[in-house]
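Let's take a walk through this one, starting with the annotated domain and then settling in around the ligand. Have the viewer open and follow along.

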Amino acid sequence: MAYSYDDENIFAKILRGEIPNDTVFETEHSLAFNDIRPQAPIHVLVIPRGKYVNYDDFAANASDEEILDYTRAIAKVCEMKGVEAEGFRMISNAGHNGVQEVPHLHVHILGGRNLGRMLTPA
Ligand code: AMP
């Protein structure tokens with residue numbers, strides 16, 4: 001699937017330095033920052049610097065180097081936040097049915113409390 005990328009999305013603006021962010025960790029290809037509206041005591045977003053709309057787009061089209069960097073960045077954030085011990089949740093919303101608000105790939109890392117069941121009935 002070929003996704004079209006919107007250069008004006010808010011995470012693109014963060015990556016260009018036009019909007020501030022509360023950085024947790026960064027690498028050559030990835031940036032992790034605290035969510036502005038946290039839904040748990042720990043709520044970090046991890047994004048690639050490349051222009052990928054969602055995880056499907058990234059997994060299909062990113063370079064091996066980007067995929068390795070991003071995957072390891074997620075692990076580093078989990079380590080920094082100490083979520084392994086008590087557990088956590090990773091979510092990556094995509095598109096309309098996934099109720100994706102920002103069309104730049106982001107993984108939510110949520111922890112610090114019991115997060116309940118994965119989905120509630122619609
Ligand atoms: P999603 O619905 O998966 O696209 O989630 C988008 C997330 O981005 C939401 O949890 C928002 O709170 C978060 N968000 C939006 N703008 C910002 C921002 N400027 N800095 C940090 N997080 C943001």
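What follows goes from the domain record to the ligand, its contacts and its surroundings.

Keep in mind that you're looking at a predicted model. UniProt, in an unreviewed entry, puts the feature "domain: HIT" at residues 10-120. If you check the two ends of that span, their C-alpha atoms are 28 Å apart. As for secondary structure, residues 10-120 are 28% helix and 23% strand.

Now zoom in on the ligand. It takes up the space of the largest pocket, and 16 residues surround it. The closest of these are D35, N93, E101, H106 and H108.

Two of those names come back when you look for polar contacts. The side chain of N93 has an N or O atom 2.8 Å from an oxygen atom of the ligand. For H106, too, a side-chain N or O atom sits 2.8 Å from a ligand oxygen. V99 joins in through its backbone, with a polar atom there 3.3 Å from an oxygen atom of the ligand. How much of the ligand's own accessible area does the protein cover? Of the 510 Å² that the ligand has on its own, 91% is covered.

So much for individual contacts; who builds the shell? Both α1 (10-15) and β2 (30-34) put at least two residues into it. The largest share belongs to α1, which gives three residues. By chemical character, the shell splits into eight nonpolar residues, five polar ones and three charged ones.

Terms used. Residues numbered from 1 in each chain as written. Predicted model: local features only at pLDDT ≥ 70, side-chain atom pairs only at ≥ 80, totals over all residues. Heavy atoms only, no water. Near = heavy atom within 4 Å. Polar contact = N/O pair within 3.5 Å; in protein donor to acceptor, adjacent residues only side chain to side chain. Areas by Shrake-Rupley, 256 points an atom, 1.4 Å probe, with all protein chains shown as cover. 1 Å grid on protein atoms, 1.4 Å probe; cavity = no way out; pocket = protein on both sides within 12 Å on 5 of 7 lines; lining within 4 Å. Sits in = over half its atoms within 2 Å of the grid points. Helix = DSSP H or I, 4+ residues; strand = E, 2+ residues; numbered from the N terminus. Nonpolar A, V, L, I, M, F, W, Y, C, P; charged D, E, K, R; others polar. UniProt positions renumbered as here; feature names shortened; annotations may be inferred.
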